[in-house]
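Ready to practise reading a protein–DNA model? Take a pencil, open the viewer and try each exercise before you look at its solution.

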Number of protein chains: 2
Amino acid sequence: MAVRLKDVALLAGVSVKTVSNVINGYPHVSATTRAKVEAAVEQLDYRPNLQARSLRTGRTGVIALGVPRLDEVYFAEVAAHVIEAADRLGLTVLVEQTDGERQRELEVLSGIRPGLVDGVILSPLGLLREDIEQTARRTPVVMLGEHVTDSTVDHLRIDNVKAAARLTHTLLAAGRRRIAVVGTPTERHVSAARLRLAGYERAHEELGIPWHEELWAPAANYRRADGAAAIHRLVEAGAPFDAVFCFNDLLALGALAALRQHGVRVPEDVAVGGFDDIDECAYSVPTLTTVSPDKVQLAVRAVHTLHARLSGVEESPDPDVPFVVVERDSTAGDR
Amino acid sequence: MAVRLKDVALLAGVSVKTVSNVINGYPHVSATTRAKVEAAVEQLDYRPNLQARSLRTGRTGVIALGVPRLDEVYFAEVAAHVIEAADRLGLTVLVEQTDGERQRELEVLSGIRPGLVDGVILSPLGLLREDIEQTARRTPVVMLGEHVTDSTVDHLRIDNVKAAARLTHTLLAAGRRRIAVVGTPTERHVSAARLRLAGYERAHEELGIPWHEELWAPAANYRRADGAAAIHRLVEAGAPFDAVFCFNDLLALGALAALRQHGVRVPEDVAVGGFDDIDECAYSVPTLTTVSPDKVQLAVRAVHTLHARLSGVEESPDPDVPFVVVERDSTAGDR
DNA sequence: TTGTAAGCGTTATCAA
DNA sequence: TTGATAACGCTTACAA
């Protein structure tokens with residue numbers, strides 16, 4: 001029922017090979033033959049069967065993107081850019097949600113649909129160091145976000161220590177001296193959380209300012225509700241604080257809501273900073289100061305790096321993606 | 001290099017067909033043979049080549065999801081649920097972004113990668129009625145969101161007229177009498193916008209309350225910035241209003257920000273309502289009253305409907321997906 | 001420049 | 001219950 005290469009060849013009065021040549025832009029085809037074939041393709045509305053093609057070539061033109069969840073805005077924004085960049089290179093993107101679980105991340109790495117995917121872009125959360133070394137051999141992989149540095153796998157990320165230190169300095173420069181930390185556990189092997197905490201500590205050390213263990217407010221996850229819960233616990237615990245450093249924007253936005261409920265003014269009483277610069281930061285009350293990674297560059301470079309690998313390029317990319325700290329109302333004014 | 005069916009057969013000392021039978025759960029296989037084959041599969045870590053399989057069967061287990069953009073939160077939330085539901089049925093989801101453009105929506109319908117996708121779930125914005133009739137023949141399609149009702153294509157949506165009327169009634173019941181409308185153009189053939197406007201008008205008619213042309217504030221698109229811009233224009237035009245009915249939550253959140261800039265209090269001076277119930281509505285200042293469609297049901301039913309079609313079921317689903325109006329602070333208190 | 005024919009890894013037909 | 005063998009639609013040596 002579907003039109004096949006053979007049908008086109010029959011109509012054009014040439015062999016399948018010739019049709020194939022025309023379709024694949026093989027240069028040594030006479031103009032007249034080409035015209036005949038193209039007419040036949042047009043007339044029959046022929047579309048190559050990609051299954052057959054990739055069975056033959058071993059390439060599919062499909063890449064997988066693995067993120068924790070798409071409804072965490074940051075990942076949706078990154079995914080949007082990845083899909084767009086892939087599209088420009090003629091690649092199609094298959095999206096997998098891992099929930100940040102190690103097992104599911106491993107599945108993405110080893111290819112949910114083996115052979116269906118030429119390569120993988122993964123934003124890992126639960127993966128262990130040894131996992132990465134072991135699995136990433138089969139299909140080319142580009143990791144997004146933080147990562148053990150001695151690995152040979154391509155990865156892209158902002159310098160989290162530096163970014164966290166920069167954000168912390170912003171708070172310290174405004175006279176804040178008791179900066180609470182709302183973040184996810186820092187024990188994981190592959191962990192932006194750990195590095196953000198390190199940056200927080202480094203900034204304090206650089207100015208010789210002490211930080212306080214009791215201002216660590218762990219969050220179970222990276223969502224608004226977790227940020228709000230962390231603040232509630234902190235307020236109830238009674239330790240005073242004049243700023244909150246959050247490991248991402250959703251936590252920070254949840255923190256803003258919780259602080260408001262407790263009658264705490266932001267930024268007058270407490271300043272708040274986050275990470276990711278999701279769209280909402282410019283519209284929250286107050287607007288949110290945050291570390292803004294260049295998401296477009298992150299996505300575009302990830303796709304291009306993968307594409308290069310697929311084309312046999314052996315060169316590893318510079319992992320650094322630029323960022324800036326965008327200062328908004330949540331950190332305005334000195335203490 | 002890759003392990004093939006043949007290799008397994010060789011090791012197990014049986015034919016390829018037998019291995020294939022075991023893998024596909026064909027019942028008439030002796031226990032001993034099955035065991036032998038399974039051992040060989042295990043030993044070689046055999047994974048079927050899906051390219052070859054789908055070349056043979058004509059099915060890929062991949063479905064496409066077409067949405068305007070993933071960084072519009074509502075679509076990211078729906079996509080998250082679609083991917084999850086598909087996953088449970090063993091389907092993988094390929095995400096396409098259309099930007100709401102007719103041409104790109106057509107491409108999704110006709111299959112970006114023909115043959116790679118068994119079916120399509122599409123949330124159309126720019127599509128015309130005739131497009132739908134013509135293109136949806138090739139691969140099974142489920143449409144998400146509003147849609148011409150006389151079409152034969154499966155579709156799922158909330159009753160937009162009813163939902164809009166319900167939201168408008170909420171505003172009218174609170175004593176609001178000059179309700180501005182922030183929305184996208186209503187001329188499109190496939191248009192939730194038109195129906196939402198119709199619901200707005202119907203609610204007024206039901207109570208014999210007039211509405212005012214000058215309170216129509218068109219937005220170019222469905223984003224925060226568009227909602228803010230619409231409010232700015234409205235305020236500058238000088239026509240008084242005591243409520244804003246927005247075609248989606250992002251517009252409403254943008255409106256909240258703009259109203260705040262103009263020193264207008266919400267809900268005391270102006271009440272605000274939206275559509276979609278994205279996560280942020282529960283955290284904005286004030287929290288946002290909105291039409292909350294059952295997104296999980298929408299996604300799950302879309303996937304199941306498509307799955308049924310792929311299995312040859314001819315039955316069309318009930319297009320209605322339930323919704324509720326969630327009343328929050330942005331409409332609290334009487335005028 | 002074009003054609004012939006083999007083969008990618010799987011499933012399906014049929015016979016044993 | 002199992003096994004040869006022929007497709008599925010395409011690309012690619014190699015030959016013409």
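The exercises below go through a predicted model, moving from the DNA to the protein chains and then to the backbone.

**Exercise 1. Find which residues come nearest to DNA strand C, and which helices supply its surroundings.**

Step 1. Select the residues that have a heavy atom within 4 Å of the strand. For DNA strand C there are 24 of them, and A:Thr18, A:Thr33, A:Arg56, B:Leu5 and B:Tyr46 come nearest.

Step 2. Look at the helices. From chain A, α2 (16-23) and α4 (50-57) each supply at least two residues of this surface, and so do α2 (16-23) and α4 (50-57) of chain B. The element that gives the most is α4(B), with five residues.

Step 3. Sort the residues by kind. The surface near DNA strand C holds nine nonpolar, nine polar and six charged residues.

**Exercise 2. Describe which parts of DNA strand C the protein approaches, and give examples of polar pairs.**

Step 1. Take the atoms of DNA strand C within 4 Å of the protein: 66% belong to sugar or phosphate, and the rest to bases.

Step 2. Look for pairs at the phosphates. The side chain of B:Tyr46 has an N or O atom 2.3 Å from a phosphate oxygen of DNA strand C. For A:Ser30, a side-chain N or O atom is 3.0 Å from a phosphate oxygen of this strand.

Step 3. Now turn to the bases. Here a polar side-chain atom of B:Arg56 lies 2.9 Å from a base oxygen of DNA strand C.

Step 4. Check the distances against the cut-off for a polar contact, a pair of N or O atoms within 3.5 Å. The values of 2.3 Å for B:Tyr46, 3.0 Å for A:Ser30 and 2.9 Å for B:Arg56 can each be compared with it.

**Exercise 3. Repeat the analysis for DNA strand D.**

Step 1. Begin with the neighbours. DNA strand D is surrounded by 23 residues, the closest being A:Leu5, A:Lys17, A:Tyr46, B:Thr18 and B:Thr33.

Step 2. Name the helices. At least two residues of the surface come from each of α2 and α4 of chain A and α2 and α4 of chain B. With five residues, α4(A) has the largest share.

Step 3. Sort by kind again: eight residues are nonpolar, nine polar and six charged.

Step 4. Split the strand's own atoms. Within 4 Å of the protein, 67% of the atoms of DNA strand D belong to sugar or phosphate.

Step 5. Collect phosphate pairs. B:Thr18 places a polar side-chain atom 2.4 Å from a phosphate oxygen of DNA strand D. Backbone atoms take part too: a backbone N or O atom of B:Ser15 lies 2.9 Å from a phosphate oxygen, and a polar backbone atom of A:Asn49 is 3.1 Å from one.

**Exercise 4. Work out how much area the two chains bury between them, and which residues of chain B supply much of its part.**

Step 1. Count the residues in contact: 48 come from chain B and 48 from chain A.

Step 2. Read the area. About 4100 Å² is buried between the chains, and carbon and sulfur atoms give 55% of it.

Step 3. Pick out contributors. B:Gln51, B:Arg113 and B:Tyr283 supply 17% of the area that chain B buries against chain A, more than any other three residues.

**Exercise 5. Explore the largest nonpolar core.**

Step 1. Recall a general tendency: in soluble globular proteins, nonpolar side chains tend to be buried together.

Step 2. Find the best-connected members. The largest core has 157 residues, and A:Ile121, A:Phe245, A:Val272, B:Ile121, B:Phe245 and B:Val272 touch the most other members.

Step 3. Notice the other core. Apart from the largest one lies another, of 30 residues, including A:Leu116 and B:Val120.

**Exercise 6. Where in chain B do the cis peptide bonds before B:Pro267 and B:Pro286 lie?**

Step 1. Check omega. The bond joining B:Val266 and B:Pro267 is cis, with omega about 5°; the bond from B:Val285 to B:Pro286 is also cis, with omega near -10°.

Step 2. Place the prolines. B:Pro267 is in the loop between α11 (249-261) and β9 (271-275), while B:Pro286 lies in the loop between β9 and β10 (289-293).

Key. Residues numbered from 1 in each chain as written. Chains lettered and ligands numbered in written order. Predicted model: local features only at pLDDT ≥ 70, side-chain atom pairs only at ≥ 80, totals over all residues. Heavy atoms only, no water. Polar contact = N/O pair within 3.5 Å; in protein donor to acceptor, adjacent residues only side chain to side chain. Helix = DSSP H or I, 4+ residues; strand = E, 2+ residues; numbered from the N terminus. Nonpolar A, V, L, I, M, F, W, Y, C, P; charged D, E, K, R; others polar. Core = buried A, V, L, I, M, F, W, Y, C linked by side-chain atoms within 4.5 Å. Buried < 20%, exposed > 50% of the residue type's maximum accessible area, 1.4 Å probe, protein only. Contact = heavy atoms within 4.5 Å. Buried area = accessible area lost by both parts, 1.4 Å probe.
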